Amino acid sequence: MDITLVKGDITAQAVDAVVNAANSSLMGGGGVDGAIHRRGGPDILRACRELRAGRYGRGLPTGLAVATTAGLLPARWVIHTVGPVHSAAEDRSHLLASCYRESLRVADELEAATVAFPAVSTGIYGWPMDDAARIAVAAVRAAERSVTSVTEVRFVLFDSAAYEVFAARLG
Ligand code: ADP
């Protein structure tokens, strides 16, 4: 499995699966979530509504992941994962690691080969970029052993600062 880095917009990635930094409601939001729904069109929200009407009636729990269509995006699936809100009082790193692990597990079930991740929880949810990069890279490397179909994990960072932080963590 290759781990690659791109500076850019996650909605422009031609990959099998794009990971969304969603919120528990699955009803859209700002940041990555907003961009994915804007560019992917209404089919994604429709699929999310169906999940809310069925299996995830109470919303998607933090740290879990679920796939829908990617609508008009140049991808086959969107994998929605809910990152933890950063807390200075409580260590929630395991939940952030779980987002990466669970998203890759779902990607593997779909037999996706290429998966693009944003820096989950580093926007509205306030996680410091360097710590988030450390957790993300470690979680992806740890998942490598259990994932069979995924050949590329691509971190897509929105700006140069985030890109440099991830590049330093990857070595
Ligand atoms: P969260 O709610 O999990 O913090 P956000 O979507 O607010 O998620 O932000 C996650 C990260 O994604 C932030 O670092 C933000 O700068 C970045 N980001 C925002 N829009 C995009 C985009 N279109 N493509 C890639 N990264 C993005």
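A polar contact is a pair of N or O atoms within 3.5 Å. In this predicted model, a nitrogen atom of the ligand and an N or O atom in the side chain of Asp9 are 2.9 Å apart, and because the cut-off is 3.5 Å, this pair counts as such a contact. The ligand itself sits in the largest pocket, and the points below take up its surroundings and then the pocket.

**Contacts and burial of the ligand**

- Besides the Asp9 pair, an oxygen atom of the ligand lies 2.8 Å from a polar backbone atom of Ser121, and a backbone N or O atom of Gly123 is 2.8 Å from an oxygen atom of the ligand.
- The protein buries 89% of the 570 Å² that the ligand exposes when taken alone.

**The shell around the ligand**

- The ligand is surrounded by 15 residues, of which the closest are Asp9, Val32, Ser121, Thr122 and Gly123.
- Sorted by class, this shell holds nine nonpolar, five polar and one charged residues.
- Helix α1, spanning residues 31-40, supplies the largest share of the shell, namely three residues.

**The largest pocket**

- The volume of the largest pocket is about 530 Å³, and among the 27 residues that line this pocket, Ala21, Gly31, Val32, Ala119 and Gly123 are the closest to its centre.
- Two or more lining residues come from each of the elements β2 (15-22), α1 and β6 (152-157), with α1 giving the largest share, four residues.
- The lining of the largest pocket divides into 15 nonpolar, nine polar and three charged residues.

Conventions:
Residues numbered from 1 in each chain as written. Predicted model: local features only at pLDDT ≥ 70, side-chain atom pairs only at ≥ 80, totals over all residues. Heavy atoms only, no water. Near = heavy atom within 4 Å. Polar contact = N/O pair within 3.5 Å; in protein donor to acceptor, adjacent residues only side chain to side chain. Areas by Shrake-Rupley, 256 points an atom, 1.4 Å probe, with all protein chains shown as cover. 1 Å grid on protein atoms, 1.4 Å probe; cavity = no way out; pocket = protein on both sides within 12 Å on 5 of 7 lines; lining within 4 Å. Sits in = over half its atoms within 2 Å of the grid points. Nonpolar A, V, L, I, M, F, W, Y, C, P; charged D, E, K, R; others polar. Points joined across faces, edges and corners; volume = space filled by probe spheres on them.
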